[in-house]
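User: Please take a close look at the surroundings of the ligand in this model, and then set out the neighbouring topics of helix packing and strand pairing with the criteria behind each term.

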Amino acid sequence: MASASRTFTRALRTAGPNLRTPSARSARYAVPQYAFRAQSRGYASESEPKEKYEGNPKGMLWGAVGLLTLAAGYGLYRQKPELFGQEAKAKGPFVPKYEDYQKVYDAVAKKLQDEDDYDDGSYGPVLLRLAWHASGTYDAETGTGGSNGATMRFAPEGDHGANAGLKAARDFLEPIKEQFPWISYSDLWILSGICAIQEMQGPKIPFRPGRTDRDVSFCTPDGRLPDASKDRKHIRAIFGRMGFDDREMVALSGAHALGRCHTDRSGYDGPWTFSPTTLTNDYYKLLLEEKWQWKKWNGPKQYEDVKTKSLMMLPTDMEIVKDKTFRKHAERYAKDNDVFFKEFADAVLKLFELGVPFTVSEDQRWTFKSSFD
Ligand code: HEM
């Protein structure tokens, strides 16, 4: 029996990290205890008067019955350890459930709260930018790119000019990946983008797992992400390639309510709104209501607000109010934050799922609880 326990213990000890779940661990520690209890029962019966066994058929019969009971008990213990107050042995590979992904969400949300000495007080915006740049390489025609693969981990893609500065987001997530090694980088980046949106008081974005990490050969060529110095034709070409229409392009741009430009990353400078760590429809309101002028500086062409000179708009942002169709949607979003949240959530969900070969159907998406729910 003791050797069976050892085999069981050894099997768990040599199992991969996925099998060594907390429940498996506690079962592992519980086995020797049970073995010890069984052994002490054995010693107790040995201490009974010897005559019972010597030439005493009744005693022998009871001995045999005792042994049979112990054997049957042990068999039952192996089959159904939960009946003995032990947790069941982990069977097969670890299959993470909703609760497991919610734990990852909670860990990212906590780290966002704890590490508030970055930029405007949150890594949220740069996490969202990481998820968007992982997804925004998608090409509908060839089915290449998209969030499946997390290929930005590799030098060619990580070094693309558009991805400058995203190392901060990838490094932020590394300890989370170490804590939950079963999640792919690709799922982690998207889940974290969702967490960032929700924790910055944006709408709920449903999530489906199923992205797998791919090797360097799946890196996309440079030039798939938008260039902020360009016009509406470029915006439509880039987002059209992913399968988005004008309305969705404008809805997605509302993400620029968050975060800021950095001179050492894109070369541009400053935030779009006065509350860069809270998602609102302020981006559209400011675009439409403020007066904007070219910033006079030694950097790339960008706009500044006339009144405070503390906010900025990229040339591509300004196209949103200059183009008639784009503007119509910007006006709708400026008027009604709920409409913006609804259409933004739908467009982000679509963006984050581009090109992912899910095995889970659309109606099986999960919505994570925010830290303030
Ligand atoms: C025409 C399309 C777009 C262009 C040209 C563009 C360009 C840029 C640029 C130049 C920056 C500044 C990067 C830096 O210096 O750190 C930036 C930041 C950002 N972008 Fe976009 N972007 C576009 C669309 C989007 C979309 C669709 C999203 C999300 C759905 C998004 C989310 C963000 C966020 C959250 C930041 C702030 C990052 C931070 O604070 O570190 N952008 N974008």
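Analyst: What follows treats the shell around the ligand, then one helix pair and one sheet. This is a predicted model, in which local features need pLDDT of at least 70 and side-chain atom pairs count only at pLDDT 80 or more, while totals for chains, interfaces and linings use all residues. Residues are numbered from 1 along each chain as its sequence is written.

The ligand is surrounded by 24 residues, a residue being near a molecule if its C-beta atom, placed from the backbone, lies within 6 Å of it; the closest are Pro125, Ala255, Gly259, Arg265 and Ser266. Two or more residues of the shell come from each of helix 5 (124-135), helix 10 (246-253) and strand 1 (260-261), where helices (H or I, at least four residues) and strands (E, at least two) are DSSP runs numbered from the N terminus. Helix 5 gives the most, with five residues. By class, the shell has 14 nonpolar, seven polar and three charged residues, with Ala, Val, Leu, Ile, Met, Phe, Trp, Tyr, Cys and Pro counted as nonpolar, Asp, Glu, Lys and Arg as charged, and the others, Gly among them, as polar. Because domain 2 (98-224 + 355-364) and domain 3 (232-349) both give residues to this shell, the ligand lies between them; the domain bounds come from an automatic or database domain assignment.

Turning to the sheet, three strands form an open arrangement in the order 3-4-5 with antiparallel pairing, two strands being paired if DSSP finds at least two bridges between them. Strand 3 (292-294) and strand 5 (312-313) stand at the edges, each with a single partner strand, so one side of each is left without a neighbour in the sheet. Strand 3 pairs with strand 4 (residues 303-305) over three bridges, and Trp292 stands opposite Asp305 in strand 4.
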